[in-house]
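Here is a brief report on charged side-chain pairs. Have the sequence and the model at hand.

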Amino acid sequence: MSQPNLQLQRQLLALLADGKFHSGQRLAERFGLSRTAIANNLQQLSQLGLDIFKLKGKGYALSSPLQLLDAAVIRSLQCNDGPEIRVQHITDSTNAQLLALIQAGKPLQPGQVIVAEAQTAGRGRRGRQWFSPFGSSLYFSCYWRLEQGIPAAMGLSLVVACALADLLQQDYQVPAQVKWPNDLYINGAKAAGILVELAGQADAVCELVIGIGLNIRLPQLADQSIDQPFTDLQSHATATVDRNVLIARLQQHLIGALELFNAAGFAPFQQRFNQFDLYAGKAVKLSGSKEISGICRGVDQQGALLLETVAGLQAFYGGELSLRGAT
């Protein structure tokens, strides 16, 4: 298949975004291309997770209307002329894009954000792939600095998760919960993941990238690509989720939480996390170098997981948490 024409694909999607059928012949005439070229580009978009239907005699249509990200709209929604929010069409990974800017020595403003319509190499924790279909989710990466160095990052992923849970509750009345150390759940199913990546020396200023992947309205093929119970925000929100509004609001909300974290550490977020704790009071197991079982008792003032075990109350700083007996 030929190389993707990203400009053409953006223009095609702008037409198909209304969810109505569009004739392949008319699309070809509009762009001065063959019908085969149009079909090939739509096929490439389908491979990015878009549900595009083809019906003989009617043409092509998306399964539902699509709201595209709009940099100008997002900018107009930012409060007090906030840090830049850069909108990309298709990228490998928004985190990778920001890390590349850091490594290249580009000047970045704390709170600066990159978002994308789709990712071809989205990443989750421990190198896992993050399902990143086009226009269906939030792929959001934010630049931040910690003047106290890498040790000050303890508990940061929980701060981000709590900020996101706060926002979903305030703006969409969705009761989200946080699974230690970096996942957000709605009604017992995963809706978002957080990936914090660090750059810099342990004893110097630490630059970091905070990646958030939030399912908004997943396509039907998600069932074939995600191997755990999942959900999306739109399934629980009463109003239509506007991704442009969500991006501007999330930047604002996140900067406020990170500024508090810079000033006071994790302690102000301890009670907040314990209110959102998915496994509060439940029998869990923590897998890592060895498996530990106990009752989940929230986190301490550094963000360490507290488990009530046969040996008493113990704090843990890493591992994979799950319900005891769950697979």
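The text below goes through salt bridges in this predicted model.

**Count and pairs**

Side chains of opposite charge can pair when their charged atoms come close. The model holds seven salt bridges. Among them are the three listed here.

| Salt bridge | N to O distance |
|---|---|
| Glu84 and Arg86 | 3.4 Å |
| Glu117 and Arg243 | 2.9 Å |
| Arg249 and Asp171 | 2.8 Å |

**Glu84 and Arg86**

Both ends of this bridge are partly exposed. Glu84 has a relative accessible area of 35%. For Arg86 the value is 31%.

**Glu117 and Arg243**

Is Glu117 buried or exposed? Glu117 is buried, because its relative accessible area is 4% and buried means under 20%. Its partner Arg243 is buried too, at 3% relative accessibility. The side chains of Glu117 and Arg243 meet in a salt bridge at 2.9 Å, N to O. That pair links distant parts of the chain. Glu117 sits in strand S4, residues 113-119, and Arg243 in helix H8, residues 243-264. The two residues are 126 apart in sequence.

**Arg249 and Asp171**

Helix H8 also carries Arg249. Arg249 bridges to Asp171, with the closest N and O atoms 2.8 Å apart. Asp171 lies in helix H6, residues 156-172, so the pair ties together parts that are 78 residues apart in sequence. Arg249 is partly exposed, at 24% relative accessibility. Asp171 is partly exposed as well, with a relative accessible area of 27%.

Note on methods. Residues are numbered from 1 along each chain as its sequence is written. This is a predicted model: local features need pLDDT of at least 70, side-chain atom pairs count only at pLDDT 80 or more; totals for chains, interfaces and linings use all residues. Side-chain values use heavy atoms; hydrogens and water are left out. A salt bridge is a side-chain nitrogen of Lys or Arg within 4 Å of a carboxyl oxygen of Asp or Glu. Buried means under 20% relative accessible area, exposed over 50%, partly exposed in between (1.4 Å probe, protein chains only). Helices (H or I, at least four residues) and strands (E, at least two) are DSSP runs, numbered from the N terminus.
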